[in-house]
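Subject: Handover of a structure, with findings

Dear colleague,

Please find the structure below, together with its sequence. My account of what was found follows it.

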Amino acid sequence: MSKLSIVETSATKSFPDLFEVAESLARDFATRAATHDRDNSFPFENFEALHKAQLLSLTVPVEFGGQGVGYTTAAHVIERIASGDASTALVLTMHYLQHANAARTRRWNPSVYERLCRESVEGIALINAARVEPELGTPARGGLPATLAKRTSDGWQLTGHKQYTTGSPILRYFVVWARTDDSEPQVGNFLVPRDRPGVKIVETWDHLGMRATGSHDLILDNVLIPPEYLLDVRPPKAWAPPDPLTMAGNSLLLSALYQGVATAARDWLVSYLHQRSPSNLGSSLANLPRFQTCVGEIEALLYANNRLIYTLASDIDKGQHDTSVNLQAQTVKYLATNNAIRSVEIAVKLIGNPGLFKTNPLERHYRDVLCSRIHTPQDDAVCLALGKSALFK
């Protein structure tokens, strides 16, 4: 199987140059990934390169200067970037998803939305959601946010504390999940530019994996935004169930990201097995059946992921999906991320101590791939939904 092999689809055939650019950037990002990981520093230079390559506007609609690609193409790009630097790929994934979802639903103020799109085409204007809170945890588990949006004569005033704000060092906009100050609160998204008075980033991110994502805390202290920056607010019950295609896109792009991490680990392992020639063996470890069998198991796991991710992504892009698409995508994430973890674990177990030295990329890939477990939807929620679906059809 060739590096980052893909399912041939009409979407992938339409963007060969784009994929080659992504491959080239990934090789460059890989040369600095270990340094950013060790220093817990943010890879600003990677986003300069992504902007120059016109990859920041991939999911921005064509009418506003973007490329308007579907999930298949976006997933391929994310997979390639993740093979070089998973942290960069995660920030890029969240940016892609915000634009893809806004483009599909068109619920945001039209003039605000167009400006955000054009900024993402013309410069480095990244956007991501700020949802998780110390008190609430992830909104996917239910509950009202503590972050409060108060009506004023000039717009909205937001106060709150958000955690795990991926990409915070470089984001130009935060899509903040908050509740209104009504007697019966509504909940939804408010657009907060980072340059507004009262916006503060507290550098709290010191994680096992994905260390260069800058997923710090966001503090909002009476931040005033204009009325049109209310993006989408509804009664709490109107948000359930979540939009199926929004959730499906989230699951597919995250699956592609960790497929890229696992593939990078596989590539490192293959190179190591060819280079490592113990004196008592007289040839490289790649010639031993035990090692060949383990690499074969990794190949099978990655092949299964490849088929799962891109078959469903292609079906969605072609409109060939049904009302269960969210559960299907959740299932893909459950299988693909666990396969990715398993494949890297096989590599670590196979070679022992060398794989856990910080001088070897495999150690970083292992820490990064474990982070797949924390993204919504988490394994228990997916299995619960699948179980209910099977039991109560």
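I begin with Leu-50, which is buried, because its relative accessible area is 0% and the cut-off for a buried residue is under 20%. Please keep in mind throughout that this is a predicted model.

Leu-50 lies in helix α3, made up of residues 44-52. Beyond its neighbours within four places in sequence, Leu-50 is in contact with Leu-25, Phe-29, Leu-55, Leu-56, Ile-81, Thr-88 and Leu-92. One of these contacts shows how the chain folds back: Leu-50 and Leu-92 are separated by 42 residues in sequence, but their C-alpha atoms are 9.2 Å apart in space.

Leu-25, another residue on that list, belongs to helix α2, which covers residues 16-39. Leu-25 is also buried, with a relative accessible area of 11%. Its own contacts, again leaving aside neighbours within four places in sequence, are Ala-49, Leu-50, Ala-53, Leu-55 and Ile-81. Leu-25 and Asp-85 are 60 residues apart in sequence, with 9.6 Å between their C-alpha atoms.

The UniProt record, an unreviewed entry, lists residues 21-96 as "domain: Acyl-CoA dehydrogenase/oxidase N-terminal". In the model, this stretch is 70% helix and 0% strand, and its end C-alpha atoms are 17 Å apart. The same kind of record gives "domain: Acyl-CoA dehydrogenase C-terminal" for residues 253-376, also from an unreviewed entry. Residues 253-376 are 72% helix and 0% strand, with 12 Å between the end C-alpha atoms.

I turn next to the aromatic rings. How many aromatic pairs does the model contain? The count comes to 8. In one of them, the rings of Trp-108 and Tyr-113 have centres 6.2 Å apart and planes at 85 degrees, so the pair is edge-to-face. Both partners are buried: Trp-108 has a relative accessible area of 13%, and Tyr-113 has a relative accessibility of 4%.

Trp-156 and Phe-190 form another pair, with ring centres 5.3 Å apart. Why does this pair count as edge-to-face? The planes of the two rings stand at 65 degrees, and an angle over 60 is the cut-off for that class, so the label applies. This pair joins distant parts of the chain, since Trp-156 is in strand β3 (residues 155-165) and Phe-190 is in strand β5 (residues 187-193), 34 residues apart. Trp-156 is buried at 6% relative accessibility, and Phe-190 is buried at 0%. Elsewhere, ring pairs link Phe-42, Phe-44 and Phe-47 into a cluster.

The last residue I wish to point out is Asp-217, in strand β7 (residues 216-225). Which side chain of opposite charge is nearest to Asp-217, and how far away is it? That side chain is Lys-200, at 11 Å. A salt bridge requires the charged atoms to be within 4 Å, and Asp-217, although buried, has none. The side chain of Asp-217 does, however, make a polar contact of 2.7 Å with the side chain of His-161. Not counting residues up to four places away in sequence, Asp-217 touches His-161, Lys-162, Gln-163, Tyr-164, Lys-200, Ile-201, Val-202 and Thr-204.

With kind regards

Notes:
Residues are numbered from 1 along each chain as its sequence is written. This is a predicted model: local features need pLDDT of at least 70, side-chain atom pairs count only at pLDDT 80 or more; totals for chains, interfaces and linings use all residues. Side-chain values use heavy atoms; hydrogens and water are left out. Helices (H or I, at least four residues) and strands (E, at least two) are DSSP runs, numbered from the N terminus. Buried means under 20% relative accessible area, exposed over 50%, partly exposed in between (1.4 Å probe, protein chains only). Lys and Arg count as positive and Asp and Glu as negative; His and the chain ends are not counted. A polar contact is a pair of N or O atoms within 3.5 Å; within protein, one must be able to donate a hydrogen and the other to accept it, and residues adjacent in sequence count only if both atoms are side-chain atoms. Contact means heavy atoms within 4.5 Å. UniProt positions are given in the numbering used here, feature names are shortened, and annotations may be inferred rather than shown by experiment. Rings of Phe, Tyr and Trp (its six-membered ring) pair if their centres lie within 6.5 Å; planes under 30 degrees apart count as stacked, over 60 as edge-to-face and the rest as tilted.
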